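Subject: Structure handover

Hello,

Here is the structure I said I would pass on. My notes on it follow below.

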Amino acid sequence: MPNSDETYEYTEDFIAALQWMWGDGYLSPGGPQEVAVLLDGLDLTGCDVLDIGSGLGAIDVLLVQEHGANNVVGIDIEPPLIEHARQRAVKAGVAEQVQYRLVEPGPLPFEDGSFDVVFSKDAIIQISDKVALYQDVLRVLRAGGVFVGSDWLRSGEGEYSDQFKEWLIAVQLTFDMKNLEQTRSALERAGFVDVKLKDRNEWYRQEIKNELATLSGRNYAELIKRIGEEKAAHRLRSSTLKQRVVERGELRPTHFSAHKT
Ligand SMILES: C[S@@+](CC[C@H](N)C(=O)[O-])C[C@H]1O[C@@H](n2cnc3c(N)ncnc32)[C@H](O)[C@@H]1O
């Protein structure tokens, strides 16, 4: 089994709490339904797909089983997550079609034109040099390929509000957030065309109520049993602070799609 080395950002207790809120195999909100919405009718049949920040891997299994992908390569920087994801693919019987690779942050370790689709769900927020990443995504895509996914963006620019800073401290992850216009212009500067962004702040305002409901009441007692009182209280506080910045319109989960000519 993967270990619970506290030097990783995603410790085993943190992973347990996130799945508690977001479902088995998910480190981001919305589950299979949100993945279907962000793919927005994009047909993955026969496609070779790269998933940047594959986490626990549930989405990669889904891309093959529900969305017809031919092959998916998931990359992540945390060894325990890669191990969890590999076990999941084996259990789901798709290990031949879904592979995982541990990578270092930085250039993508793939040949030019390796993929039809590059996908990413809520992971680019953790990568600082977005322009370099987007240029590299363009490089590994085949002509006519698509970069599609979701990222957590912010409103405005410059210093965060005090409320935003409070949430960022509580969340305990390395985040580097851009706004919608910065994201559009970085994708276009990298060479993508037909760039589309869809703000999901309204959706997340509703969704986060379910998150908080899951974390409270009888479920909260179960979470305490699973990860202990201190960590459960921390999760509840972190989600409550997140709800505040979602409602203030400062945190803006956003779907994107961009094409290579
Ligand atoms: C919020 S999680 C989302 C995981 C998964 N996409 C999901 O939706 O369940 C973000 C993931 O990105 C990974 N990550 C962070 N920086 C990365 C990088 N430079 N390259 C690849 N993955 C990265 C993290 O380890 C984590 O698994």
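The shell around the ligand consists of 13 nonpolar, five polar and four charged residues. In total, 22 residues surround the ligand, and the closest are Ser28, Gly53, Gly55, Ala123 and Gln126. Please keep in mind that this is a predicted model.

The sheet

Seven strands make up an open sheet with mixed pairing, in the order β3-β2-β1-β4-β5-β7-β6. The edges are taken by β3 (98–102) and β6 (193–199); each has a single partner strand, so one side of each has no neighbour in the sheet. From one strand to the next, the twist averages 15°. Helix α4 (residues 79–91) packs on the sheet, where it touches β2 and β3, and its direction makes about 170° with that of β3.

Strand β1 and its neighbours

Strand β1 (residues 48–52) is largely enclosed by the rest of the structure, because four of its five residues are buried. β1 pairs with strand β2 (residues 71–76) in the parallel sense, over five bridges. Within this pairing, Asp48 has Asn71 of β2 as its bridge partner, and Leu50 stands opposite Val73 in β2. To get from β1 to β2, the chain passes through helix α3 (residues 58–65), and this β-α-β crossover is right-handed. β1 also runs parallel to β4, to which three bridges join it. Asp51 is the residue that stands opposite Phe119 in β4.

Strand β5 and its neighbours

How many residues of strand β5 are buried? The count is 11 of 14, so to speak of β5 (residues 141–154) as mostly covered is fair. Strand β4 (residues 115–121) runs parallel to β5, and six bridges join the two. Lys121 of β4 stands opposite Ser150 in β5. Between β4 and β5 the chain crosses through helix α5 (residues 130–140), and this β-α-β crossover is right-handed. β5 also pairs with strand β7 (residues 251–259), here in the antiparallel sense and over nine bridges. Val146 has His259 in β7 as its bridge partner.

Helix α1

In helix α1 (residues 12–22), the buried residues are Phe14, Ile15, Ala17, Trp20, Met21 and Trp22. Which helices do the buried residues of α1 pack against? They pack against α2 (31–39), α8 (201–215), α9 (217–227) and α10 (229–247). Gly23, just after α1, takes a positive phi of about 105°.

Leu241 in helix α10

Leu241 is part of helix α10. Is Leu241 buried or partly exposed? Leu241 counts as partly exposed, because 19 C-beta neighbours lie inside 10 Å, while the cut-off for buried is 20 or more. Leaving aside residues up to four places away in sequence, Leu241 touches Glu166, Trp167 and Ala170. Ala170 is 71 residues from Leu241 along the chain, yet the C-alpha atoms of the two are separated by 8.0 Å.

Regards

How values were computed
Residues numbered from 1 in each chain as written. Predicted model: local features only at pLDDT ≥ 70, side-chain atom pairs only at ≥ 80, totals over all residues. Near = placed C-beta within 6 Å. Nonpolar A, V, L, I, M, F, W, Y, C, P; charged D, E, K, R; others polar. Buried ≥ 20, exposed ≤ 12 C-beta atoms within 10 Å, placed from the backbone. Pairing = 2+ DSSP bridges. Right-handed = clockwise from strand over helix to strand, strands pointing away. Contact = placed C-beta atoms within 7 Å. Axes fitted to C-alpha atoms, helices over the stretch in contact; angles between N-to-C directions.
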